[in-house]
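Dear colleague,

I am handing over the structure we spoke about, and below it you will find what turned up when I went through one part of it. Please have the model open beside you as you read.

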Amino acid sequence: MEDIQTVHKQEGTNAVKSTFQIIVFRLEEEEYALSIDQIKEVVITPSIARIPLTQSYIKGVGNIRGNVLAIMDLADKFGISTEKDITNGTHKYTLVVASDEYKMGILVKDVPQTLRVTKDDIDESPAIVQSATLESNYIKGIIKSGNRMIVLIDIFKVISKEEQNLLARTTDKL
Amino acid sequence: MKGDDELKEIFLAEALENTEQLNKLFTDLEKDNSNKKAIDAIFRITHTLKANAAGMGFSDLAAMAHTMEDVFNVIKSGNMVINADIFNDLFKANDVLCALIEQVKTPEKVVKFKGIKTKLEVLIRTSKEKPEEKISEEPVKINSQTDTPVSVSMQAEVSSVTSQIPVEDEVKEVEQIEHEETAIAFSDNIHVPIRKLDNLLDLIGELIIEKDRVIAMNGNSGRSGQNDYARLQRITSELQYSIMDVRLVQVNVLFNKFHRIVRDVAALENKKVDLSLEGTEIEIDRTILQIISDSLVHLVRNAVSHGIESTQGRLASGKSEAGKLKLAASSEREEIIITITDDGKGIHAETIAKKAIEKGIITREMALLMSEEEKIQLIFEPGFSSAETVTAVSGRGVGMDVVRKAIDSIGGVIGIDSVVGVGTTFTLRMPSSMAVKGALLFELRTGDFAVPLSYTKAVVAIQKKAIRSIGNNLFTTYLGKTIALVYLNDLFQLKDREELTKGGGMLESYHKTNDDEKIQVIIITFNNKEIGFVVDKLLQQKEIVEKPLKKPLENVKFISGATILGNGNVCLVVDVPSIIQSLFRNSKITSVKTQQVAV
């Protein structure tokens, strides 16, 4: 809460600027954020049923309010995971992200915070957003807030890449 | 008969819709006289209407539609100039058509249609005689043979409206009908997009899951509760069956289309074929019927073009001149069975095997070990097309592998019985409804799973010593037959399919099993292949509502969907066709080995 308020005060002086809200969550040592309109809700992580023949960061599916949704571990996806098995209840919360096309869950350890930022806070310089590796084109920018550095990502770009991978896999010749 | 009534209702709804389309198309055509599309569409609609009406035995309606079809036949061929005048007649004709459709519902009502019909006929005749002359100049010389007087009430009702049209008597009469009928053309049926029904079905599925959960939570506490739940149980299940019932259609809807298809194919192939239909009143889920329709068309075409011999061929082998083709539907428990039987030349297993070897689907060695039945099954393999030459009829588009895929996708099974020289029967077994299916629930290391009962044959408990391992494969004997065994724990542990091809890791659980431990095996049967799934623990048999997995998991292998159990946990539904295909494809030898072991 403090974060929100302090940031808010800073912004208060030039309120004319368009601000928008982001949801910040921690993955290992890093802070990541999603735009709030990509997030539907935060729920307690349900029990997860593993799906065979999927990448390890697809943890499986869970029952979220009567819907069977895919649940993924972004730390594993980004290759920064330090834990081998995360189904032992350390990731208590699941961020439910939804677009017209997708609906799925992202595992997080702590309740995510909301943060209000302005466009100016985001460093979208090509050096960051379009770095050499294709992998990172889901990174929308870096937000600097005080001494924090938050990676703003577009979750649906992460997912659609994931889907392509899956497709490549399933269309393997038999 | 209930079936006939329903057919009549469907016909009426369709016919009314047709007249509405005609009204719209006439309007379009009136605005743009050269609208070729509209002309074609009108021709098609009147043709369908005529055929349907004739099929239902409504001769007046058929005759009227026929005349309209004729008019457009002439227009299509360019022998009649469309001008403003004929539209009056066309609209009137359409209204009369409406009236005739209404008359089907209330036969006591008298509808005059001969006047306008004759008028249209005159149009056709004159255009044929002197196509260059303008139709409007033709003296409309219709004799007043409108011998059936319009009933008094009708006239009273309409006379006030018609006064502004100062034309001849016949036309006036027609006008009267027009005004009378446009007021009340309402069908008793409503059209509901299937999407809305799907949505209802989804909701009912959720309701059932929720009901199970509530009962599981509170069901054991107190006697009074039990009663309430019994009612909840009854109401939800009634609701579910009513919604499923709404989605059912008679196979008739599809079967009746085959008269034409068979006729066309037979004419093209210069063969004589008698089609007979059986069990047309059997009801099946509309979605399932839609999914299998292309497959059925393909099978029927195939039967006519490849199964049934030429007339000379038939006579030479002492058969009747006309080939016999039978489409039959029946229901057995929760299943619908559709069979397509021809009395043609049958499928020669050796010919199939030879072609399969040529196409590289099997090896010569494998062919030697295969039974006739297995060889015939090869026609369902991708890349196998039985036709020597591609004809206009079959060999176009879908192959037999597509047929099987379609049947697989709805959890159905397709089988062939063929006797050379006597004929072939294709048997399609499929669920009558997609909504709920019986499933066997079992437990694995990673959670609960379900396998649809349509694939399960038996459940057995065996000991480790009953299992033999050969290479990377496990086998056991079931009822004297050797079948392959797969530990689902190991199969589901694989990272990707390459691992499966290599066959690594598939024996892990087997090696860990103690010698005296009871091993639970579910015997699965699919497409004449049998395989045993080794599971950790069998749970129960249950009706489940399966939902497909959503993006990005919609293409995963081995799992066809999921259901939610009473305790709120997700239970994955095992995709038997996908597993069996992967296993048998990745190690083609497996089936051969099975045979060798058996020897």
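**Sheet and helices in chain B**

B:K326 has B:T341 in β5(B) as its bridge partner. Please keep in mind that this is a predicted model. The pair belongs to a longer register, in which strand β4 (residues 323-332) of chain B and strand β5 (residues 335-342) of chain B run antiparallel and are joined by 8 bridges.

These two strands sit within an open sheet of 5 strands in chain B, ordered β2-β4-β5-β7-β6, with mixed pairing. Because β2 (273-278) and β6 (413-419) of chain B each have a single partner strand, they stand at the edges, and one side of each is left without a neighbour in the sheet. On average, and ignoring direction, neighbouring strands of this sheet are turned by 15 degrees against each other.

Helix α17(B) lies across β6 and β7 (423-431) of chain B, and its direction is at about 135 degrees to β6(B).

The helix α17 (residues 400-409) of chain B also meets helix α12 (residues 286-307) of chain B, their axes coming within 9 Å and crossing at roughly 150 degrees. That angle makes α12(B) roughly antiparallel to α17(B), and the crossing of the two is left-handed. On the α12(B) side the contact is made by B:I291, B:I292, B:D294, B:S295, B:H298 and B:L299, and on the α17(B) side by B:V403, B:A406, B:I407 and B:S409. By character, the residues of this contact divide into 6 nonpolar, 3 polar and 1 charged.

With best regards

Methods: Residues numbered from 1 in each chain as written. Chains lettered and ligands numbered in written order. Predicted model: local features only at pLDDT ≥ 70, side-chain atom pairs only at ≥ 80, totals over all residues. Axes fitted to C-alpha atoms, helices over the stretch in contact; angles between N-to-C directions. Helix = DSSP H or I, 4+ residues; strand = E, 2+ residues; numbered from the N terminus. Parallel < 35°, antiparallel > 145°, perpendicular 65-115°, else oblique. Left-handed = near helix turned anticlockwise from the far one by under 90°. Contact = placed C-beta atoms within 7 Å. Nonpolar A, V, L, I, M, F, W, Y, C, P; charged D, E, K, R; others polar. Pairing = 2+ DSSP bridges.
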